[in-house]
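Here are my notes on the model, point by point. Please read them with the structure open.

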Amino acid sequence: MPELGYAYAKPRRSAVALGSNIGDSQAILEAAIETLVQTPGIFLEARSSWYQTKAVGPQQPDYLNGCVTLQVEMLPQHLLEALLGIEQQFGRVRQERWGPRTLDLDLLLYDDFIVDTPNLQIPHPRMRDRAFVLVPLAEIASDWVEPVSGCVIKELLKEVDCSDVHLLMDN
């Protein structure tokens, strides 16, 4: 892919998952969305409700999770760099795989692109197995085709156990 500059690529639709289980998670997630939309080349299209979910991995508090769809004017690698920078702004420290975190931003989808590089995989390699991703994503992008499986999000959602994903009542 030719280098087009940080924020001047052709506009593309993207989906990002958000999660937090340290601190005031709802305030952190709301502030993270504000930070995203203040980033040049990122425009909010839709946002899901927040969901309380059981943590995957070591023993830790439940998460708040949600998703956003964006219009982005940057290449996938630059979007990933922006997401990692926002995580750092919110105190994200990577110590333990699947450990607790103040903020987790995962790049799920970028149009219908399939990317497989050492530091970036699109679609996100585990999104099809995660109810805490698929439930909020289906709320805002149910007909988006996941390009590896060829299935729309609402169909992928039928294949996962959603019993540990609960709509947060004060959305």
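1. Charge. The protein chain carries 14 positive and 24 negative side chains. The centres of the two sets lie 3 Å apart. Lys and Arg count as positive, Asp and Glu as negative; His and the chain ends are not counted. Each charge is placed at NZ of Lys, CZ of Arg, CG of Asp or CD of Glu.

2. Basis. This is a predicted model, in which local features need pLDDT of at least 70 and side-chain atom pairs count only at pLDDT 80 or more, while totals for chains, interfaces and linings use all residues. Numbering starts from 1 along each chain as its sequence is written, and side-chain values use heavy atoms, with hydrogens and water left out.

3. Fold. There are four helices and ten strands in the protein chain. Their order along the sequence is β-α-β-β-β-α-β-β-β-α-β-β-α-β. Helices (H or I, at least four residues) and strands (E, at least two) are DSSP runs, numbered from the N terminus.

4. Overall dimensions. The radius of gyration of the protein chain is 15 Å, which agrees with the value near 16 Å for a compact globule of 171 residues. That radius is taken over C-alpha atoms, and the globule rule is 2.2 Å times the number of residues to the power 0.38. Along the principal axes, the C-alpha atoms fill a box of roughly 45 × 35 × 30 Å.

5. Surface and burial. The accessible surface comes to about 8,600 Å². Carbon and sulfur atoms hold 52% of that surface. Areas come from the Shrake-Rupley method with a 1.4 Å probe; for residues, only the protein chains shown count as cover. Of the 171 residues, 48% are buried. Here buried means under 20% relative accessible area, exposed over 50%, and partly exposed in between (1.4 Å probe, protein chains only).

6. Contact range. Take the contacts in the protein chain with a separation of 6 or more: residues 24 or more positions apart account for 70% of them. A contact means heavy atoms within 4.5 Å.

7. Strand β4. What surrounds β4? Nine of the ten residues of this strand (residues 63-72) are buried, so β4 is largely enclosed by the rest of the structure. Strands count as paired if DSSP finds at least two bridges between them. β4 pairs with β1 in the antiparallel sense over nine bridges, with Ala15 opposite Thr69. Strand β2 (residues 42-47) is antiparallel to β4 and joined to it by five bridges; there Phe43 stands opposite Gln71. Strand β3 (residues 51-53) is also antiparallel to β4, through three bridges. Thr53 faces Tyr63 in that pairing.

8. Strand β5. β1 (residues 12-20) also runs antiparallel to β5, with six bridges between them. Ser14 has Tyr110 as its bridge partner in β5. Seven of the seven residues of β5 (residues 104-110) are buried. In the loop between β5 and β6 (115-117) comes Asp111. Asp111 is not a glycine, yet has a positive phi of about 50°. That backbone angle merits a look.

9. Ile33. This residue lies in helix α1 (residues 25-37). Its relative accessible area is 3%, so Ile33 is buried. Beyond neighbours within four places in sequence, Ile33 is in contact with Leu18, Leu44, Arg47, Trp50 and Val68. Val68 is 35 residues from Ile33 in sequence, but 8.2 Å away in space, C-alpha to C-alpha.

10. The loop between β7 and α3. Which peptide bond is cis? The bond from Ile122 to Pro123, with omega near -5°. Pro123 sits in the loop between β7 and α3, as does His124. His124 counts as buried because its relative accessibility is 9%. Leaving out residues up to four places away in sequence, His124 touches Asp106, Leu107, Leu108 and Arg130.

11. Helix α3. Ten of the eleven residues in α3 (residues 131-141) are buried. Among them are Phe132, Leu134, Leu137 and Ile140.

12. Val148. The loop between β8 (145-146) and β9 (151-152) holds Val148. With a relative accessible area of 48%, Val148 is partly exposed. Outside its neighbours within four places in sequence, Val148 is in contact with Ile114, Pro123 and Arg128. Ile114 and Val148 are 34 residues apart in sequence and 7.3 Å apart in space, C-alpha to C-alpha.
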